Structure formats: C-alpha cells, structure tokens
Amino acid sequence: MNSLKPGLSWVRLSALVFGFAFLYVPILSLVVYSFNKSRLVTVWGGFSTEWYGKLFANEQILQAAWLSLRIAALNATCATILGTLAGFSLARFGRFRGRTLLVTLTTAPLVMPEVITGLSLLLLFVALEQAVGWPAGRGMTTITLAHITFTLSYVTVVVQSRLASLDVSLEEAAMDLGARPAKVFALITLPIIAPAVLSGWLLAFTISLDDLVITSFVAGPGASTLPMVIFSKVRLGVSPDINALATIMVALVSIGVLIAGIVMARRTNATQREMKQGDMQLAFPE
C-alpha cells in the first residue's frame, strides 16, 4: 500500500494542476493579449495600452456597461426585498394556504431552461402591451422585470437556508418581552441574516450583469446590455478592446474577492481573540 501512495499523490497533483490550468490559463492569456500592440489577438506585436484608450472612447460599450450596471443594481435590490420576504415566509410560517404554489413559483426559475423563460416573458410583455399598453415596447423596464423574475429565486433559497439554521428562541424571547413581530424582524432577525441577504444581493447582481439569453428575448432596439454587445462583437471576431474590457472586469472581481477575504480574515481573527480572552477570564477569574 505504501508503494501506491506516491503514484496516487502524483495523479492527484497532476489533476489539480490540469484543472487550474484549464480554468485560468485562458484568462491569463486574455489579460496578456489585452496589452498586445497588434490588432491580431493571436500574434504578439509588442506591449501597448492603446486598446484601453480605445475602449474608454467606445460609446457603444460605455453605454451598454452603464445600462447593465443600472439594471443589475435595480434588479438586485428588488429581488433581494422580494426574495427575503419569500424566504422568511417559507421558513417561519409553516404550513399555510398557497405554500406549495409559492414554493413552486420561487423554485421553478432555477430549473427552467433560460430559452423557455425568455420566450414566455416575451409573450407576456407583448400580451400586456396589447391589453393595457404597458410596458410600452421592450427596454430597460422589461429587462429588469425579467431579471427579477428569476434572480429572486436565488435570494429566496439563500435566505431560507440561513433562517432554517437560525435559533428561533431568540425571536421568541424578544416577543415574550413585548416586541411586535415587525420590530423583532427589524432588530433581531434581519441583522442576523444580513450576511445571507448581502450574499443574495451580490448573487442577483452578478447573475443579472452576466445574463445574455433571457435579456436577448426581452430587450428592444436601443437597450443592448454589455453581454449583448460583447456577444455581437465576438461573432465577428475577438477584438483587442474586448480583451481590455474583460481584463478590467477580471481586475474588479479580483479586487472584490481580495477585500472580502481580508474582511473575513479580520473577523475570524477578532472572533478567535475574543474566544481566547473569554477562556482566559474563565481560567483566571479576578
């Protein structure tokens, strides 16, 4: 058995290296070629930052990025509010009339193919426009509503999972002391589940910013999001300014992950210090 361990370790190490290389080498090559002087993305022509200047001078990409950010922020906020309420209802109200329907409606977008979701939403918006005149055409409003439809499911799952592990006795103790349910939720429940709510907001923001299929169905002329613009450009061939845009997005995500890691590490260290101080006080009481 001992003679097999080196071989198994080597196989595992090779698989690990291959897996990380498969994921990150294309990203690294994209970053490198964003500084390529040549217009050909497969031929290195020297170091240059001219494509970043051309990127920030491209009005189409800048407008699409601004539209995507506005839609993602509005969608994430609305989806977080609705998803938090839905998750709280499913986790705290037990069996009630319409619970099965609510569970079905909130989980169906998770398993529904995006093509079916996009087509059904398009038909819905067209029928509403013909019936009541709203929404008038397809644009930012229809895209935001479509994104809220499927992103609130993710928020609901995250919040419901956090509430399922929350000690109910904290809320019951507050109500025993005379606090009304709304005050208990605002002062007790919401601060405890705040990390889950923030995670749901970030998840909804990311999914909305990245969505292409559903957006393509419900978007209209003059309402092209950043993924739609990138996809239309890539179909004609990858240009260096797209590499520059992708590099900026990778840098922003990396900075966000780094900041989150630092904050979590500091919180962990602070918690460990508090636990050590508590142990010291128990071991050596004054």
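**Figure 1. Asp210 in helix α9 of the predicted model.** Asp210 belongs to helix α9, and the structure shown here and in the other views is a predicted model. The relative accessible area of Asp210 is 59%. Residues over 50% count as exposed, so Asp210 is exposed. Thr156 serves as a reference point: Asp210 and Thr156 are 54 residues apart in sequence, and their C-alpha atoms lie 20 Å apart in space.

**Figure 2. The largest pocket and its lining.** The volume of the largest pocket is about 1,500 Å³. Its lining is made up of 37 residues. Nearest the centre of the pocket lie Phe205, Thr206, Met249, Leu252 and Val253. Two or more lining residues come from each of α1, α2, α3 (59-92), α9 (194-210), α11 (226-234) and α12 (240-283). Which element gives the largest share of this lining? The largest share comes from α12, with 17 residues. Sorted by class, the lining of the largest pocket holds 30 nonpolar, 5 polar and 2 charged residues.

**Figure 3. The second largest pocket.** This pocket has a volume of about 170 Å³. Its lining includes the aromatic-named positions Phe88, Phe93 and Phe185, together with Arg92, Glu171 and Glu172. Val168, Met175, Pro181, Ala182, Val184 and Thr189 also line the second largest pocket. The elements that supply two or more lining residues are α3, α7 (168-176) and α8 (181-192). The most comes from α8, which gives 5 residues. By class, the lining of the second largest pocket has 8 nonpolar, 1 polar and 3 charged residues.

**Figure 4. The largest cavity.** How many cavities of 30 Å³ or more does a search of the whole structure find? The search finds 1. The volume of the largest cavity is about 30 Å³. Rolling a probe the size of a water molecule over the atoms shows where empty space is left. Around the largest cavity are Ser68, Ile71, His147, Ser208 and Leu209, and its lining also includes Asp211, Thr215, Thr225 and Pro227. Two elements, α3 and α9, give two or more residues to this lining. The lining of the largest cavity divides into 3 nonpolar, 5 polar and 1 charged residues.

**Figure 5. The crossing of α3 and α6.** Two packed helices are described by the angle between their axes and the distance between the axes. For α3 and α6, the axes come within 6 Å and cross at roughly 40 degrees. Angles under 35 degrees would count as roughly parallel, and 65 to 115 degrees as roughly perpendicular; α3 and α6 are therefore oblique to each other. The crossing of α3 past α6 is right-handed. The residues of the contact between α3 and α6 divide into 17 nonpolar, 10 polar and 2 charged.

**Figure 6. The cis peptide bond before Pro135.** The peptide bond that runs from Trp134 to Pro135 is cis. Its omega is near -5 degrees. Where in the chain is Pro135 found? Pro135 is in the loop between α5 (114-132) and α6 (140-164).

**Figure 7. Thr42 in a loop.** Thr42 sits in the loop that lies between α1 (4-33) and α2 (50-56). Is Thr42 buried or exposed? Its relative accessibility is 65%, and the limit for exposed is over 50%, so Thr42 counts as exposed. Thr42 and Phe22 are 20 residues apart along the chain, and their C-alpha atoms are separated by 18 Å.

**Figure 8. Pro26 in helix α1.** Pro26 is part of helix α1. The relative accessible area of Pro26 is 45%. Values between the 20% limit for buried and the 50% limit for exposed count as partly exposed, so Pro26 is partly exposed. Along the chain, Pro26 and Lys233 are 207 residues apart. In space, the C-alpha atoms of Pro26 and Lys233 are separated by 19 Å.

Technical notes
Residues numbered from 1 in each chain as written. Predicted model: local features only at pLDDT ≥ 70, side-chain atom pairs only at ≥ 80, totals over all residues. Heavy atoms only, no water. Helix = DSSP H or I, 4+ residues; strand = E, 2+ residues; numbered from the N terminus. Buried < 20%, exposed > 50% of the residue type's maximum accessible area, 1.4 Å probe, protein only. 1 Å grid on protein atoms, 1.4 Å probe; cavity = no way out; pocket = protein on both sides within 12 Å on 5 of 7 lines; lining within 4 Å. Points joined across faces, edges and corners; volume = space filled by probe spheres on them. Nonpolar A, V, L, I, M, F, W, Y, C, P; charged D, E, K, R; others polar. Axes fitted to C-alpha atoms, helices over the stretch in contact; angles between N-to-C directions. Parallel < 35°, antiparallel > 145°, perpendicular 65-115°, else oblique. Left-handed = near helix turned anticlockwise from the far one by under 90°.
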